[in-house]
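Trainee: Could you take me through one part of this model up close? I'd like to see how a single helix sits among its neighbours.

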Amino acid sequence: MSYPSLAPFVLKRPWLRNMLTPLASWYANAAGYRQLGLRADDLIIEENEDVLKALKRLPPQEAYDRVYRLRRAIQCSVTHKLLPKEQWTKPEEDVPYLTPILAQIRAAEAEKEALDSLTIIKNH
C-alpha cells in the first residue's frame with residue numbers, strides 16, 4: 001500500500017526544497033534514531049510480506065549490520081542511555097538500503113498483477 005507523497009512536488013521546486021531541507025534535517029535529528037545508531041530504513045516495520053522479502057534479498061553483510069544496529073539500539077533503550085556522540089549515525093551515512101529493494105518488489109508485484117489480470121480478446 002502506498003501513501004500520497006509531496007516529495008515530487010517539493011523536489012521540482014528548488015526554492016521549496018531549499019526552504020524545507022533544514023526543517024527535514026532538524027526533524028531527522030529530533031526523531032532520535034540516529035542517536036541510537038540506527039538508519040531510517042531500520043525503522044521500517046518487518047511485519048509486512050514485502051519487507052520480509054526485501055530483508056531476504058539484502059546482502060549478508062548489510063543484513064548483519066542491520067541486526068547489529070537494532071540490537072545495539074535495543075540495549076541502549078533498555079539501559080536508558082544514548083550512544084557516545086562519535087557512534088551516532090551521521091546524516092551522510094543514513095542512506096536508504098532497504099527502500100530501493102522494497103520499490104523493486106512492489107514494482108514486480110504490480111507488474112505481475114497487471115499481467116495476471118489481462119483478458120484475451122479473440123478476433124474472429
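**Helix H3 and its surroundings**

Mentor: Sure, let's start with a pair of helices: H3 and H5 pack at an angle of about 120 degrees, and their axes are 9 Å apart. Keep in mind that this is a predicted model. Angles from 65 to 115 degrees would count as roughly perpendicular and those over 145 as roughly antiparallel, so H3 and H5 come out as oblique to each other. The crossing of H3 past H5 is right-handed. On the H3 side, the contact is made by Asp50, Val51, Lys53, Ala54 and Arg57. H5 brings Ile101, Leu102, Ile105, Arg106 and Glu109 to that contact.

Now look at H3 by itself, residues 49-57. Its buried residues are Asp50, Val51, Ala54 and Leu55. They span an arc of only 135 degrees around the axis, which means they sit on the same side of H3. Turn to the face pointing away from that buried side, and you'll find the exposed residues Glu49 and Lys56. What do the buried residues of H3 pack against? Two helices: H4 (60-79) and H5 (99-116).

Next, zoom in on the start of H3. There, a side-chain oxygen of asparagine 48 comes to within 3.1 Å of the backbone nitrogen of aspartate 50. Both of these residues turn up again when you look across to arginine 106, which lies in helix H5. Leaving aside residues up to four places away in sequence, arginine 106 touches Asn48 and Asp50. Is arginine 106 buried or exposed? Neither, quite: its relative accessibility is 35%, so it counts as partly exposed. If you're after a contrast between sequence and space, try arginine 106 with aspartate 94: the two are 12 residues apart in sequence, and their C-alpha atoms are 22 Å apart.

One last stop is the loop between H4 and H5, where you'll find histidine 80. Its phi is near 55 degrees, a positive value in a residue other than glycine. That's worth a look because most residues other than glycine have a negative phi. Histidine 80 is also exposed, with a relative accessible area of 75%.

So, to pull H3 together: its buried residues share a side, and they pack against both H4 and H5. Glu49 and Lys56 are on the face turned away from there.

Technical notes. Residues numbered from 1 in each chain as written. Predicted model: local features only at pLDDT ≥ 70, side-chain atom pairs only at ≥ 80, totals over all residues. Heavy atoms only, no water. Buried < 20%, exposed > 50% of the residue type's maximum accessible area, 1.4 Å probe, protein only. Helix = DSSP H or I, 4+ residues; strand = E, 2+ residues; numbered from the N terminus. Arc of directions from axis to C-beta. Contact = heavy atoms within 4.5 Å. Polar contact = N/O pair within 3.5 Å; in protein donor to acceptor, adjacent residues only side chain to side chain. Axes fitted to C-alpha atoms, helices over the stretch in contact; angles between N-to-C directions. Parallel < 35°, antiparallel > 145°, perpendicular 65-115°, else oblique. Left-handed = near helix turned anticlockwise from the far one by under 90°.
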